[in-house]
Amino acid sequence: ASRAMEAAATLSLFFFFATGVWSQMEEEKKPTYLTAAVGDSVVFNCPLDFPHDVAIPYVLRWNKEHQTVFSSNDGVLSATDGYEQRVSLVPAGLPMGKGSINLTAIRETDAGWYECRIYFPNRTPSTRPNGTWFHLAVDGGNLLTVPPTNQTIMEGKAVELTCVTKEADSVISWYKDGVILSELPDLLSRSWVAPEGSLTIRQASMDDLGSFTCEVVNQKGEKQAASSFLNVTYPAKIVYSPREIFLPYGRPTLLDCHFRANPPLITLRWEKDGFLFDPLNVQGVFYRKNGSLFFERVDESHSGEYTCTPFNSLGTEGPSPPIHVVVQRPPVFTVTPQNLYLRKVGDSIEIPCDALDGDGTHRPTIVWFKKDGTPLPAGRAVVTGGNLTLSNIHENDGGLYQCVASNEAATITSETELMVENSVPRAPHNLTAESTLTSITVRWLPGGSRASGDFSIWYRPTDMSEWRTMRIQSRGSSEATVGNLLPGREYELMVLSQDSQGDGMFSKALRARTKTPPPGYTQENPASPQPWHTPTGASIDPFQQISRPLNVRVELSAEGYLVEWDPPTLGVDILDHYMVRWFRHGHEQLAETMETNTNSVSIPNLEEQSTYIFTVTAVTNNKYMSESDRLTLQVPANGRTRVATLATAMGVGLLLAALATVWYVRRWYRNNQLKGTHISSS
């Protein structure tokens, strides 16, 4: 009975184990379905199953429809026809099994069943139940049957990039790196396209390396494209070698070897004067990663004939032509410009600059630039022997200038700055006048070279103190007509020049008289100016229109100086704003102008120990002006003010101290008298 029980248990255990193994095998053989379009790529993920999870030598085989298409044995890869250049193992480090492969440039014929199998040549049995099945469905190949594949070719060899279409009447275009082949004449001259669409390059060049795209368009206008990468390999070669190079004495510099290599560079050998030049044995010379020589400090021992020879895994095409290296001392400035030059508009200036080579035998090339990149003024800038001459200076000529001296070894720079003073416009001159009954036409010549500035006419009857102003609307005009005048009356006129910097100078005053009215001319004549009246009925001179501001005063305040005035008594209803002007006594140029709508302005600072003249002008909404009487202000020195204040404070302090002393003495004397009286009575 016990034996029967043991046999039953053994049979049950065997049945359980067999069922588990069979279910595991069935699970592992469950296929994976993949879909790709013609020209695309797809990854088949195949994890490998080792006995006891210990990796041992194996052979990996990928079968398609029971035929091996790819295998890997001890690191040697092989693929059957049609799969060469298109199938490869997935690189290590990706989240894929060790048996995974990448199939590129998918074709319609790639559709079908694939199986991943592993064999163990040194183990019995040689296989394990680790076959993995995939089914690949290829769609989208309505125009392309065979797309191009990635290829690697040696330079100078012929290569064919396959591109087969389904429809013979389709139009095929080839592109390299996105540029159509017809725009690449060198490549076009070495290639042709077969009737079925494949591109053949007769002699591959290193410049052919890149992506090639085959684009197909059928008669219906449908498009399909597929790309491949062409890798052109060649031995390392020199692509450029200068015959002569100048190295700057005493400075760090590089000596480059211009080469190309595919596969990449392995080593590079330098020779000097026919002997091996190893930087490891030369003090102050080092190799760079790209093979260039780095000289930490150049000296005469580094001159000579150099050659460089690059190597890669395919070898080399030979050394470079000899490079004649000359050690030259950099240029040195013998004359440098000052740091700053100050000139006025219209002036001329010569800025010196000169240099020699370090050995003092040759003159380097000297050029001038504006540091902001703007060109030197054409026709007004001349460079002679290194010196820069600027004539008829304009305001925009200001800025930083660079004197640059260079030779084959190095370039040096010296900077200077030109500042252009903001000079005010000069006074107009040569004033002339023509008059009618009620107007005077004034003509003048602009001062200096600023004919395009603004001008305004200041005028008044000679028997009145108020000045009126008329701004000339036409910029650059040199004449103006002042109207609304009284006939037979003498007027004084001046012209003021103005620009973006402010008011300039007045011209000399000119007196002119309006024509005498003919007999019978009366004030009631409609053609003559009519008098107008104030609300109270008082008559106002037709010239006046608005009276002047009154009681102009200037007082010292916490913010500086406060200028106040009373409003005009006439014409306040047409007042637009006030204009406050002040200038230093003895100077024709205005110090500053401020506009306000109130009856006061605050001036932050005035120059000490100076005399200023203030005027306040009332401006109407039709631009007529009436100026107040002038106020003269003497600004004292702050030092004197402080001394006077201190002296006053000391005097007050001494007076208080004296009073306190007298009060104390009198109280002490009184107390003593009271004590004496008390003693006597007792």
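This report describes a three-stranded sheet, the disulfides and one buried arginine in a predicted model.

## The three-stranded sheet

Strands E2, E7 and E6 form an open sheet in the order E2-E7-E6, and their pairing is antiparallel. At the edges stand strand E2 (42-44) and strand E6 (87-89), each of which pairs on one side only. From one strand to the next, the twist averages 25°.

Strand E7 covers residues 101-103 and runs antiparallel to E6, to which it is joined by three bridges. Within this pairing, Val87 stands opposite Leu103 in E7.

## Disulfides: count and pattern

The model contains four disulfides, where a disulfide is taken as a pair of cysteine sulfur atoms within 2.5 Å. In general terms, such a link is a covalent bond between the sulfur atoms of two cysteines. With bonded cysteines counted along the chain, the connectivity follows the pattern 1-2, 3-4, 5-6, 7-8. Three of the links are described below, including the one between Cys163 and Cys214.

## Cys163 and Cys214

The sulfur atoms of Cys163 and Cys214 lie 1.9 Å apart, and the two residues form a disulfide. This link is left-handed because the torsion about its S-S bond is about -60°. The pair connects distant parts of the chain, 51 residues apart: Cys163 belongs to the loop between strand E12 (159-161) and strand E13 (164-165), while Cys214 lies in strand E18 (residues 210-217).

Are the two cysteines buried or exposed? Cys163 has a relative accessibility of 0% and therefore counts as buried, the limit for that class being under 20%. Cys214 is likewise buried, with a relative accessible area of 0%.

## Cys257 and Cys308

Cys257 is joined to Cys308 by a disulfide with an S to S distance of 2.0 Å. The value about the S-S bond is 75°, and the link is right-handed. Distant parts of the chain are again connected, with Cys257 in the loop between strand E21 (253-255) and strand E22 (258-262) and Cys308 in strand E27 (residues 304-312), 51 residues apart. Cys257 and Cys308 are both buried.

## Cys353 and Cys403

A further disulfide joins Cys353 to Cys403, with 1.9 Å from S to S. The link has -85° about the S-S bond and is left-handed. Cys353 is found in the loop between strand E31 (349-351) and strand E32 (354-356), whereas Cys403 is part of strand E36 (residues 399-406); the pair links distant parts of the chain, 50 residues apart. Both Cys353 and Cys403 are buried.

## The surroundings of Arg380

Arg380 is located in the loop between strand E33 (365-370) and strand E34 (381-384). The relative accessible area of Arg380 is 14%, so this residue is classed as buried, given the limit of under 20%.

Which backbone oxygen does the side chain of Arg380 reach? The partner is the backbone oxygen of Asn392, at 3.1 Å. Asn392 also appears among the residues in contact with Arg380 once neighbours within four places in sequence are left aside. The other residues in this list are Thr389, Leu390, Ser391, Ile393, His394 and Asp397.

Note on methods. Residues are numbered from 1 along each chain as its sequence is written. This is a predicted model: local features need pLDDT of at least 70, side-chain atom pairs count only at pLDDT 80 or more; totals for chains, interfaces and linings use all residues. Side-chain values use heavy atoms; hydrogens and water are left out. Two strands pair if DSSP finds at least two bridges between them. Helices (H or I, at least four residues) and strands (E, at least two) are DSSP runs, numbered from the N terminus. Axes are lines fitted to C-alpha atoms, for helices over the stretch in contact, and angles run from 0 to 180 degrees between N-to-C directions. Buried means under 20% relative accessible area, exposed over 50%, partly exposed in between (1.4 Å probe, protein chains only). A polar contact is a pair of N or O atoms within 3.5 Å; within protein, one must be able to donate a hydrogen and the other to accept it, and residues adjacent in sequence count only if both atoms are side-chain atoms. Contact means heavy atoms within 4.5 Å.
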